[in-house]
Amino acid sequence: MTATITRTAPAQMLAEFRSKQRAISVIGLGYVGLPLALELAKQFRVIGFDISAERVAMMQRGEDPSEELDSTAFLEKDITFTADPGLLKDASFHIVAVPTPVSEARVPNLNPLIGASETVGRALKKEDIVVYESTVYPGCTEEDCIPILERVSGLTFGQDFFAGYSPERINPGDKEHTVDKILKIVSGSDPETLEIVSGIYGAVITAGIYEASTIKVAEAAKVIENAQRDINISFVNELSMIFNRMGIDTQEVLAAAGTKWNFLKFRPGLVGGHCISVDPYYLLHKSKQLGYDPQVIASGRRVNDGMPGFIAKELTQLLLQRNLNPKSCKVLVMGATFKENVADIRNSKIFDVIQELMDFGINVQLIDPHASPNEVAQEYKFSMQDEAGKDYDAVIVGVAHEEYRSLDMNYFRNLIKADQDLILFDLKAIYSRETVRSNEVIWRL
Ligand SMILES: NC(=O)c1ccc[n+]([C@@H]2O[C@H](COP(=O)([O-])OP(=O)(O)OC[C@H]3O[C@@H](n4cnc5c(N)ncnc54)[C@H](O)[C@@H]3O)[C@@H](O)[C@H]2O)c1
């Protein structure tokens with residue numbers, strides 16, 4: 001017979017966290033982990049661990065490597081930033097928030113999650129709780145991560161240590177919906193664990209807590225939130241391709257249809273970034289493993305991934321219609337990040353548009369006030385310009401950065417070769433077309 005440990009009662013355990021007798025660790029301090037760790041550190045003793053010593057050094061100086069938080073966010077917080085996994089032994093509640101990307105073949109790459117689970121496993125003690133925050137497919141916590149914790153620690157799950165899953169819903173660049181103001185789903189491997197997980201998050205999340213019935217339900221809830229957005233955007237992207245052939249403006253159609261009370265207001269566009277364009281592949285993967293080949297989710301992904309090619313083809317055709325040889329054309333792309341007003345260039349689909357244009361022989365230049373030229377060079381092997389040049393054949397505004405919204409048609413006319421009429425690809429439909437002259441083209445999705 002295996003001896004079950006006598007567990008500290010949840011109320012007592014929570015009191016020990018509040019009195020700082022026990023500490024909380026956060027593993028992976030990126031867009032998700034750092035704001036959460038700082039929020040928890042308002043009330044609890046927190047150990048913030050990251051594998052990157054460089055990022056840890058920045059946080060020790062009060063700088064957010066993801067550029068989401070300003071230095072005041074680091075003030076008056078009980079937090080130790082470290083790249084030393086040995087310090088994790090001091091914590092009894094571990095939160096894992098490492099990346100969950102896909103490989104080139106678009107299947108889940110669990111390496112960061114496996115690495116983090118091994119790190120936590122080495123620090124695990126009896127009564128510890130491990131909560132995963134990374135977006136995964138249903139079953140990943142219990143089937144992939146917990147066995148690693150057991151193997152590395154030599155402890156038994158459900159008897160010596162316990163687990164939970166609590167997905168994150170933050171939205172990079174959004175200063176309003178900060179971590180404390182977003183209702184948080186929590187789950188636990190048994191009722192006592194759930195009570196402790198709820199108590200810890202409930203202490204800092206003012207928007208409230210939703211207790212999911214199981215870890216799998218909580219995992220599934222997160223992944224479908226993003227798959228739903230992906231599918232809805234793919235529908236309007238498909239409409240955009242259909243209406244383009246019909247010579248109908250999609251934005252005008254959406255404005256008209258949007259007058260119905262239950263019409264969903266999604267807008268066409270490039271779907272990139274670390275979440276919406278990635279998470280559906282986790283669900284696809286698990287479903288296929290279980291013998292069901294998803295149709296709707298997969299077709300949504302296909303449509304959205306095809307948008308860069310569609311945009312590049314439309315622009316090239318326009319150049320050809322004006323008797324311009326693409327090989328001697330120069331196009332300015334404004335906006336490198338995956339969405340507006342952020343510095344994040346990960347999985348930004350504008351680079352697919354650029355690649356497609358370059359495949360047609362077009363010379364492409366890129367500017368962005370938010371993106372780091374070094375990161376762009378490293379990640380995409382592409383050199384950005386410091387500022388816009390002149391004598392372009394066309395301009396693409398790919399991201400609705402605040403700095404771009406106030407630009408007018410004269411700004412764009414001045415970027416174009418003197419003897420040519422304006423071609424502007426307004427991918428986010430941010431410009432009014434009222435002042436456009438008859439021979440000018442303002443194309444939008
Ligand atoms: N970015 C978002 O808006 C968002 C929103 C909701 C959910 N998520 C999910 O949250 C998870 C984390 O995403 P993110 O955007 O914060 O990632 P991120 O890339 O911003 O940060 C991840 C951090 O983890 C560190 N790291 C990587 N491997 C590690 C390891 N083995 N041990 C310790 N640290 C490690 C990295 O150095 C980095 O600092 C992902 O699963 C993502 O899908 C992200």
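**Note on the ligand shell, helix packing and two loop residues**

1. The residues of the shell around the ligand divide into 13 nonpolar, 11 polar and five charged. In this predicted model, the shell holds 29 residues, and the closest to the ligand are Gly28, Gly30, Val32, Gly115 and Ser134. Helix α4, which covers residues 111-123, supplies the largest share of this shell, namely four residues.

2. Helix α4 also packs against another helix, since its axis and that of helix α5 (residues 140-153) come within 8 Å and cross at roughly 35 degrees, and the crossing of α4 past α5 is right-handed. On the α4 side the contact is made by Leu113, Ile114, Ser117, Glu118, Val120, Gly121 and Arg122, while α5 contributes Cys145, Ile148, Leu149, Val152 and Ser153. Sorted by class, the contact of α4 with α5 has seven nonpolar, three polar and two charged residues.

3. A second helix pair to look at is formed by α7 (residues 215-246) and α9 (residues 279-289), which pack at an angle of about 110 degrees with their axes 8 Å apart. Angles of 65 to 115 degrees count as roughly perpendicular, and α7 and α9 are therefore roughly perpendicular to each other. Val223, Asn226, Ala227 and Asp230 of α7 make this contact with Asp279, Pro280, Tyr282 and Leu283 of α9, and by class the contact has five nonpolar, one polar and two charged residues.

4. Is helix α2 (residues 33-40) enclosed by the rest of the structure or exposed? Eight of its eight residues are buried, so α2 is largely enclosed by the rest of the structure. The buried residues are Gly33, Leu34, Pro35, Leu36, Ala37, Leu38, Glu39 and Leu40, and what covers them includes the strands β1 (23-27), β2 (46-49), β3 (79-82) and β4 (91-96), together with the helices α3 (53-60) and α6 (191-204).

5. Two loop residues deserve a separate look at their backbone angles. Most residues other than glycine have a negative phi. Asn341, however, has a positive phi of about 60 degrees although it is not a glycine, and this residue lies in the loop between β9 (330-334) and α11 (350-359). Asn341 has 16 other C-beta atoms within 10 Å and is partly exposed.

6. Lys381 likewise is not a glycine and has a positive phi, here of about 50 degrees; the loop in which Lys381 lies runs between α12 (373-380) and β11 (394-397). A residue with 12 or fewer other C-beta atoms within 10 Å is exposed, so Lys381, with 8 C-beta neighbours inside 10 Å, counts as exposed.

How values were computed: Residues numbered from 1 in each chain as written. Predicted model: local features only at pLDDT ≥ 70, side-chain atom pairs only at ≥ 80, totals over all residues. Axes fitted to C-alpha atoms, helices over the stretch in contact; angles between N-to-C directions. Helix = DSSP H or I, 4+ residues; strand = E, 2+ residues; numbered from the N terminus. Parallel < 35°, antiparallel > 145°, perpendicular 65-115°, else oblique. Contact = placed C-beta atoms within 7 Å. Nonpolar A, V, L, I, M, F, W, Y, C, P; charged D, E, K, R; others polar. Buried ≥ 20, exposed ≤ 12 C-beta atoms within 10 Å, placed from the backbone. Near = placed C-beta within 6 Å. Left-handed = near helix turned anticlockwise from the far one by under 90°.
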